[in-house]
Amino acid sequence: MAKRSSLSIRIVEGKNLPAKDISGSSDPYCIVKVDNEPIIRTATVWKTLCPFWGEEYQVHLPPTFHAVAFYVMDEDALSRDDVIGKVCLTSDTLAAHPKGFSGWAHLTEVDPDEEVQGEIHLRLEVVARPRGRRLRCSVLEARDLAPKDRNGASDPFVRVRYNGRTQETSIVKKSCYPRWNETFEFELEEGTAEALCVEAWDWDLVSRNDFLGKVVFNVQSLWAAQQEEGWFRLQPDQSKSRRGEGSLGSLQLEVRLRDETVLPSGCYQPLVQLLCREVKLGAQGPGQLIPLIEETTSTECRQDVATNLLKLFLGQGLAKDFLDLLFQLELGRTSEANTLFRSNSLASKSMESFLKVAGMRYLHGVLGPIIDRVFEEKKYVELDPSKVEVKDVGCSGLHRPQTEAEVLEQSAQTLRSHLGALLSSLSRSVRACPAVVRATFRQLFRRVRERFPSAQHENVPFIAVTSFLCLRFFSPAIMAPKLFHLRERHADARTSRTLLLLAKAVQNVGNMDTPASRAKEAWMEPLQPTVRQGVAQLKDFITKLVDIEEKEELDLQRALSLQAPPVKEGPLFIHRTKGKGPLMSSFKKLHFSLTTEALSFAKTPNSKVIYEDDAGKPQTVYLQCKCVNELNQWLSALRKVSISNPGLLGSYHPGVFRGDKWSCCHQKDKSDLGCDKTRSRVTLQEWNDPLDHDLEAQLIYRHLLGVEAALREKRRELSAGTEAGSVPTGPGEAAEDALAQLLRVLRDLQEAHRSSPTGSPPSEPNRLLALQT
């Protein structure tokens, strides 16, 4: 049994931000930190005080996390970025909102005395002396202190205060991982309410010392414990008054903390087997449990339920059968072909999730080069005459206004080029499409053609495929490439308009150029020749896409299973420490590939080798990323593939061994244990994450438990109908039997949760000492 905690984060927008630039505006972006570890950086929105981001993230973290903080920054090209303000949500605040925190939060001023991080290692003892008891405080070491100096480090010392007396340690220069091993004693008076305060400071020669954090103890608890030792989180100084709320603007957030106690796999087997049996019987016609789940699922949680079910069946090798069952359900209640798969049904939501999980790499291969070209060209494109901006053209001294007709013609030519390149890329991609995606589209095509066999519905099977492939997958990725990891930044206004027009053209092609789609925006007419040609290309592509036999599907899946697909790959800068040379001067750019088996790299993507040093011993390798997001994507990938590695180190040196000592903690033994602990619990959820079968089963159980009352009511209705003879005996009894089994399984799982340990987060060390804040 394990406890899994995750944060669903949506950074929506900001408003009324203060101007930080001379122009009277700002270039805001957000940094998200979990317990002072930066994990997310949003895109920068240029020249605005009311930015919109709309970015969503899923973060997996340890149950012992304390707070998540959102920093709004102003990006500056020539100087250090300005801090506008922050919003901090503690774990207690999020736990008090089971459905999540949603709404506007005022930004507060960022006080340097509150921006603390790191831990300090202390040993506290009550010792007997001839003249009475004394309190002994041993300051051993600290780790991960905030860097306060320009050299990226601090000059820390510790100040210990008790009962009116103050003592200080020596100063450790240029280190965020200092070691002191100094001891102080104070006279201890029994019954006193005085607290022991241990403060860490950064020493400065000219300016005032910088506060690094403090720990405050209730000494009365030491009388019983006599001795305590451990690592303690440094706390901020919150005694100062804050700047008035609202004067720094506001940030709209949607944050939800979800804690799940996941039972051993065997506990979920009855539920998984029951649902899998229902899907396997779907070939004979829609079953009973899946329709009941869809009927009892509310609109707001349908996407989550669809994703969880899809991942569960994907792990069981039944994703295609599950989606086929949903296709049958949707077709059974659809009478008009033009309304097919247009609603947010369980089939539509499940198919969206399926394409993102199984087809994202394929999407990148098809769309990536076209999106990159649009961003690089940055051409002004507009087809709507009411929105055309006339510009000056020509060389210096010969400027003339460009006519509206010239703008429209150039724009149409640019869009025809992009659309043609996209359709050509798509036409060549049949073999690159994953076998399970092709097989699923084959089932969809066949089911729709069986439901609408007449000649007047000849295009309906093609439109059914494009309604998912083009309208719900390619078009959203074209309009918002950052959200599909196609680009690192949001597009500017000009590029966004080009992408929007290109997405509209793709939608027209996907709709098979119907009169209804043409009538909506007549100014798209200049693209009609390319659209009509694209319809023919798309139909030919779909015909080849769905032409996959069972043997070919199995062969492709078998070939794929023999390979270790890359979890993450791309260029990084690498440094291998040799001698006393400076670290920053010897980074080389290489192509890296991470699989579940190894991390390898070489000069080109096609020739990868795993590095080994001359002696065959482990050697520290330093990798440099170009931004926070790339760093955390690589860290998350490494942490996920190393989660079951028995040789994973518990500590490491964040610095380098240069000359005769480590630069981080100044220890002179190269084989010395690391001065900082490895952080392996905070990870970002990605589309290519390994499936977690037990967690998906737990989430489905949690949802079914929430609608248990509705399921019991449905069972009573079925029982009453069967007794009255108003329901055919076979299906009615089958539904009642399957539903009765489901309710029994839910009851057993509920009992398993009650009888299991509470699954509360493991307590942090040294809780015998009552920390005072």
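What is the mean pLDDT of the protein chain, and what percentage of its residues reach 70 or more? The model is a predicted one, and its chain comes out at a mean of 83, with 86% of residues at 70 or more. Confidence peaks in strand S10 (residues 156-162), where the mean is 94, and bottoms out in strand S22 (residues 607-609), with a mean of 44. Two stretches deserve a mention here. Residues 392-397 have pLDDT below 50, and in the model this stretch makes eight contacts beyond near neighbours in sequence. Residues 606-612 also fall below 50; for this stretch, the model shows 17 contacts beyond near neighbours in sequence.

Turning to helix packing, helix H5 (residues 302-315) sits against helix H7 (residues 346-377), with the axes 8 Å apart and an angle of about 55° between them. That angle lies between the 35 degrees under which helices count as roughly parallel and the 65 degrees where roughly perpendicular begins, so H5 and H7 are oblique to each other. Their crossing is right-handed. On the H5 side, the contact is built from Arg302, Gln303, Ala306, Thr307, Leu310, Lys311 and Leu314. H7 contributes Leu346, Lys349, Ser350, Glu352, Ser353, Phe354 and Val357. Chemically it's a mixed bag: the residues of this contact split into six nonpolar, four polar and four charged.

Then there is helix H4 (residues 289-296), which is mostly covered, with six of its eight residues buried. The buried residues of H4 are Leu289, Ile290, Leu292, Ile293, Glu294 and Thr296.

Conventions. Residues are numbered from 1 along each chain as its sequence is written. This is a predicted model: local features need pLDDT of at least 70, side-chain atom pairs count only at pLDDT 80 or more; totals for chains, interfaces and linings use all residues. Side-chain values use heavy atoms; hydrogens and water are left out. pLDDT is the predictor's confidence in each residue, from 0 to 100. Helices (H or I, at least four residues) and strands (E, at least two) are DSSP runs, numbered from the N terminus. Contact means heavy atoms within 4.5 Å. Axes are lines fitted to C-alpha atoms, for helices over the stretch in contact, and angles run from 0 to 180 degrees between N-to-C directions. Angles under 35 degrees count as roughly parallel, over 145 as roughly antiparallel, 65 to 115 as roughly perpendicular and the rest as oblique. A crossing is left-handed if the near helix is turned anticlockwise from the far one by less than a right angle, and right-handed if clockwise. Ala, Val, Leu, Ile, Met, Phe, Trp, Tyr, Cys and Pro count as nonpolar, Asp, Glu, Lys and Arg as charged, and the others, Gly among them, as polar. Buried means under 20% relative accessible area, exposed over 50%, partly exposed in between (1.4 Å probe, protein chains only).
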